[in-house]
Amino acid sequence: MKASFVAAAAALLAGGASAGHVHHRHAHDLFKAEKRGNDSAVCVPGCTTIYSTITGPAGLYTPPAAPSTSKPAAVVPTTSSALVASSPPALVPTPIAQTCPTPGTYTFPATTVVVTETTTVCAASTTKVPSGTHTLGGVTTVVTTATTVVCPYATTKTEAGVVTSVIETTTYICPSAGTYTIAPVTTVVATETVVVVPVVTTYCPGTYTAPAVVTTITETDVVIYCPFTSTAPAAPAVPTAAPPPPPPSASPASTPAASPSASPSASTPLGTGGKQLGVTYTPYQQNGECKDSAQVMADIGAIKQSGVDRVRVYSTDCDTLPNVGAACEAHGVKIIAGIFIGEVGCDNGSPDVAEQISALKAWAQWDLVDLIVIGNEALFNGFCTVSQLHDLIVHVKTEIASTGYTGPVTTTDVVSAWIGSDVSSICEVIDFPSGNIHAYFNGGTTPEQAGDFVAGQLQIIEHVCGKEGLILESGWPTAGKCIENACPGKDAQKTALASIVETCGSKTVFFSYTDDLWKRPGDCECERSWGCGDVLAEIFGA
């Protein structure tokens with residue numbers, strides 16, 4: 001039986017599709033990982049998971065089903081024969097397998113599944129492979145020392161002739177530092193084949209929808225998989241499980257839009273609307289040296305000319321506050337100020353953190369500041385525990401309040417950090433949650449789908465704290481490697497940013513104003529190439 005796809009994946013619950021900035025002083029790579037699917041998941045200390053696709057043997061998966069109360073799919077035959085195509089909705093939002101026995105035009109109605117509690121199941125993943133031998137899935141893990149990794153994986157068991165998908169756990173000893181692929185599956189196919197495999201998938205509470213689809217089939221016995229592409233929170237409960245991996249691959253086709261979290265003209269938690277919230281800015285020359293005040297003044301002037309009236313800075317080094325502050329005052333631009341937390345410590349006892357707090361208090365030009373961000377992916381990178389970050393936020397708020405700051409305070413992280421543990425104590429001490437969300441690192445997302453992906457990820461963050469949130473990093477690189485369907489390029493960047501502007505631009509700080517040639521290219525070969533100042537000016541008509 002053949003298989004094909006009629007819808008590509010859109011907004012996911014994958015928290016790992018985000019990129020992270022690191023502090024200039026430490027000269028680390030911009031991105032900690034090329035992909036972060038399920039990045040909170042499986043490894044013991046000493047091991048950092050950079051990509052997880054957990055699969056089992058091919059061709060043995062049967063999606064779970066429940067009795068359908070909806071009408072069967074409407075069929076418009078292209079021949080005189082009557083065509084039948086229907087499939088009951090899944091208990092959880094796994095892709096729905098629809099059977100098309102004969103050629104014709106098939107209409108599959110929208111299907112909605114409500115998940116009321118966090119549920120982990122063996123779901124389906126699909127990929128088309130040419131003839132030959134293929135190694136599928138597994139958990140690819142980088143370890144920095146000899147360690148033991150405990151990983152869940154999906155496989156199948158056969159009892160009395162009945163094949164069942166199951167989740168099992170394997171313990172893998174990594175004898176030394178290096179990259180290891182754990183529990184992959186090898187399959188041999190004689191011709192080009194769509195391989196269906198079981199995947200460990202966790203669904204958080206929410207409402208999931210597989211949109212209506214109309215497709216024309218020209219062959220017999222074709223199975224179409226209709227992914228669920230949108231989700232909205234269904235209950236106030238805070239999800240604590242790791243996010244599910246990306247949905248199955250799909251052939252090029254139009255992807256229904258996921259429900260955006262805000263229109264581009266909506267008011268944001270900062271009290272303003274417009275097509276964007278701002279752009280990130282670092283006062284570094286391309287050789288890594290600090291820019292002088294004249295260079296910063298010229299940059300901020302150009303940013304204002306492009307139609308952007310807010311800049312996010314990450315730290316206080318390179319005279320950021322006096323130089324960027326003076327330029328912003330001259331050009332009528334606001335500042336999102338930052339205290340960067342790195343490997344040297346997550347409290348005021350760290351000289352680096354204490355220095356930044358002192359610099360903010362000494363500068364204290366609060367009329368220029370719309371927001372202060374304490375930490376950038378500090379939870380995801382392991383620089384802070386939840387309790388440490390909570391205590392530091394409280395401390396900083398007390399310190400800056402003593403000098404007259406009364407504005408909002410937040411921290412920002414990738415989605416998996418927000419849902420990977422209980423962050424309720426952090427939610428209590430910030431004004432709103434914020435995320436760094438980059439659709440490029442979710443390989444199933446094309447530039448056209450970037451806006452839906454970013455908006456859907458923001459909804460998850462907002463659901464965690466029960467507060468309206470912001471996106472403090474989002475962009476698309478102009479150079480680097482393709483990650484599945486996500487390919488860098490100038491046209492791709494313009495398309496992606498326009499898509500984000502359309503769905504949630506008013507809540508988004510775009511990353512970043514210029515390329516950063518002082519950084520290493522990284523495994524993705526993209527880390528230097530996120531500059532979007534020219535594209536923003538073109539989009540906003542400046």
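**Close-up views of the predicted model**

**Figure A. Helices α7 and α8 are oblique to each other.** Angles under 35 degrees count as roughly parallel, over 145 as roughly antiparallel, 65 to 115 as roughly perpendicular and the rest as oblique. The model is a predicted one, in which local features need pLDDT of at least 70 and side-chain atom pairs count only at pLDDT 80 or more, whereas totals for chains, interfaces and linings use all residues. Residues are numbered from 1 along each chain as its sequence is written, and side-chain values use heavy atoms, with hydrogens and water left out. Helix α7 (residues 450-465) packs against α8 at an angle of about 45°, the axes being 7 Å apart. Each axis is a line fitted to C-alpha atoms, for helices over the stretch in contact, and the angle runs from 0 to 180 degrees between N-to-C directions. The crossing of α7 past α8 is right-handed, that is, the near helix is turned clockwise from the far one by less than a right angle; an anticlockwise turn would be left-handed. On the α7 side the contact (heavy atoms within 4.5 Å) is made by Ala 450, Gly 451, Asp 452, Val 454 and Ala 455, and on the α8 side by Ala 496, Ser 499, Ile 500, Thr 503 and Cys 504. By class, six of the residues in the contact of α7 with α8 are nonpolar, three are polar and one is charged. Here Ala, Val, Leu, Ile, Met, Phe, Trp, Tyr, Cys and Pro count as nonpolar, Asp, Glu, Lys and Arg as charged, and the others, Gly among them, as polar.

**Figure B. Gln 457 lies in helix α7 and is buried.** The relative accessible area of Gln 457 is 0%; buried means under 20%, exposed over 50% and partly exposed in between (1.4 Å probe, protein chains only). The C-alpha atoms of Gln 457 and Gly 435 are 8.4 Å apart in space, with the two positions 22 residues apart in sequence numbering. As context for the whole protein, 55% of its 542 residues are buried. The protein holds nine helices and 26 strands, taken as DSSP runs numbered from the N terminus (helices H or I, at least four residues; strands E, at least two).

**Figure C. Helix α3 packs against helix α4 (residues 386-401) at an angle of about 30°.** The axes of α3 and α4 are 10 Å apart. This makes the two helices, α3 and α4, roughly parallel. α3 passes α4 in a right-handed crossing. From α3, Val 353, Ile 357 and Lys 361 meet Leu 392, His 395, Val 396 and Glu 399 of α4. Four nonpolar residues, one polar and two charged make up the contact of α3 with α4.

**Figure D. Trp 366 is a buried residue in the loop between α3 and β22 (369-376).** Its relative accessibility is 12%, so Trp 366 counts as buried. With neighbours within four places in sequence left aside, Trp 366 is in contact with Leu 360, Ile 372, Ile 400, Thr 403, Gly 404 and Tyr 405. Between the C-alpha atoms of Trp 366 and Lys 334, 32 residues apart along the chain, the separation is 10.0 Å.

**Figure E. Helix α2 (residues 320-331) has the end-to-end distance expected of its length.** The 12 residues of α2, at 1.5 Å a residue, should span 16 Å, and the end C-alpha atoms are 16 Å apart, which agrees. The expected span is 1.5 Å times one less than the number of residues. Thr 320, Leu 321, Asn 323, Val 324, Gly 325, Ala 327 and Cys 328 are the buried residues of α2. Their cover includes α1 (293-305), β20 (310-312), β21 (334-339) and α3 (351-363). After α2 comes Gly 332, with a positive phi near 70°.

**Figure F. Cys 318 and Glu 484 each lie in a loop.** Most residues other than glycine have a negative phi, and most peptide bonds are trans. Cys 318, in the loop between β20 and α2, has a positive phi of about 55°. The relative accessibility of Cys 318 is 11%, so it counts as buried. Glu 484 likewise has a positive phi of about 55° and is found in the loop between β25 (470-474) and α8 (490-504). With a relative accessible area of 46%, Glu 484 is partly exposed.

**Figure G. The loop between β26 (508-510) and α9 (533-539) contains Ser 512.** The peptide bond from Phe 511 to Ser 512 is cis, with omega near -10°. Ser 529 is also placed in the loop between β26 and α9. The relative accessible area of Ser 529 is 11%, and the residue is buried. Not counting residues up to four places away in sequence, Ser 529 touches Trp 476, Pro 477, Thr 478, Ala 479 and Asp 515.
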